[in-house]
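Student: I have a structure here and would like a close look at one part of it. Could you walk me through a single helix and the side-chain pairs that go with it?

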Amino acid sequence: MPGAAAAAIAGADFGPAVVPCHVAIIMDGNGRWANAQGLPRIEGHRQGVETVRRTVRHARKRGIRFLTLFSFSSENWSRPKEEVTFLLGLLKMFIRRDLAELDSANVRVRVVGEREGLGEELCALLDEAEATTRSNTGLTLVIAFNYGARNEIVRAARALAAAVAAGELAIGDIDEAAIAARLDTAEIPDPDLVIRTSGEMRLSNFLLWQAAYSELVFDAVHWPEFDDAAFDRALEEFAARDRRFGGLSVRAGA
């Protein structure tokens, strides 16, 4: 990578020119980490929550403005009932335990994904997290929960169809901006960098529309072991990329 970019990132702090505005992470490998340690899968999920806390702190330190974490996909409901119940409990515990700290740290919480069918208690907690932190101006922590990109796009298409049927929108007015405005991530910039842990090299129905021009980094480390150094390695790789967007070369850190 260019010496200047490498030197900037290697220091205690590095400037905003080499820091992506929005980082999205597919947090994969909790179960595999637990199996490797001879522990139940739920212990991997428990440790994964600690990694979430560490990652949020490091994102704030590095000046990242938006951090999206894929915490529970719409496909995860097919997992064993005991594991699903435990994961839902972890989310509730995270909100109850960490919301005050996030608020005091000026973190804004957004939740994306399908809310229908989640239950009154959980929906109330998600609403509380968003309402409590709505006026905060620091890092925006986006929690993708019960999220699937195809489902999100379908819901956006239905909203557009309803607007056309009601005479509120002409078919000719449907463009990329109209679709983006009806996605769960409306008013959130597209991710500059998508990181996936645990060695898998696919997006798994995560931010398919939004990640059209994202830089992708795949790390073999399991999510519970994703530490500050691993995060910085991904940022280093991002800074070294040439981002073309269909045109001429633009270095991420330039």
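Tutor: Happy to; what follows is a look at helix 4, then at some salt bridges, and last at one loop residue. Please keep in mind that this is a predicted model.

Let's start with the length of helix 4, which covers residues 81-104. At 1.5 Å a residue, its 24 residues should span 34 Å, and the C-alpha atoms at its ends are 35 Å apart, which agrees. Helix 4 also has a kink of about 50°, centred on Asp98. Just after the helix, Asn106 adopts a positive phi of about 65°.

Now for the surroundings. The buried residues of helix 4 include Val84, Phe86, Leu87, Phe94 and Ile95, and Asp98, where the kink is centred, is among them too. The partners they pack against are helix 3 (41-61), strand 2 (66-73), strand 3 (108-112), helix 5 (120-133) and strand 4 (140-147).

One charged residue of helix 4 deserves a closer look. Glu83 counts as buried because its relative accessibility is 7%, under the 20% cut-off. Its side chain meets that of Arg41 in a salt bridge, at 2.9 Å from N to O. Arg41 lies in helix 3 and Glu83 in helix 4, so this pair ties together parts that are 42 residues apart in sequence. Arg41, for its part, is partly exposed, with a relative accessible area of 33%.

That pair brings us to the wider set: the structure holds 18 salt bridges. Another of them joins the side chains of Asp28 and Arg196, at 3.0 Å from N to O. This pair links distant parts of the chain, with Asp28 in the loop between strand 1 (22-26) and helix 2 (30-36), and Arg196 in strand 5, 168 residues away. Asp28 is buried at 14% relative accessible area, and Arg196 is buried at 6%. Both belong to a salt-bridge network that also includes Arg32, Glu200 and Arg202. Elsewhere, Glu237 and Arg241 pair up at 2.6 Å, N to O, and here Glu237 is partly exposed, with a relative accessible area of 37%.

Finally, have a look at Ile188, in the loop between helix 7 (176-180) and strand 5 (193-196). Ile188 is buried, with a relative accessible area of 9%. Beyond its neighbours within four places in sequence, Ile188 is in contact with His22, Phe66, Arg110 and Val142. Of these, Val142 is 46 residues from Ile188 in sequence, and their C-alpha atoms are 9.1 Å apart.

Notes. Residues numbered from 1 in each chain as written. Predicted model: local features only at pLDDT ≥ 70, side-chain atom pairs only at ≥ 80, totals over all residues. Heavy atoms only, no water. Helix = DSSP H or I, 4+ residues; strand = E, 2+ residues; numbered from the N terminus. Buried < 20%, exposed > 50% of the residue type's maximum accessible area, 1.4 Å probe, protein only. Contact = heavy atoms within 4.5 Å. Expected span 1.5 Å × (residues − 1). Bend = angle between axes of the 7 residues up to and from the residue. Salt bridge = Lys/Arg side-chain N within 4 Å of Asp/Glu carboxyl O.
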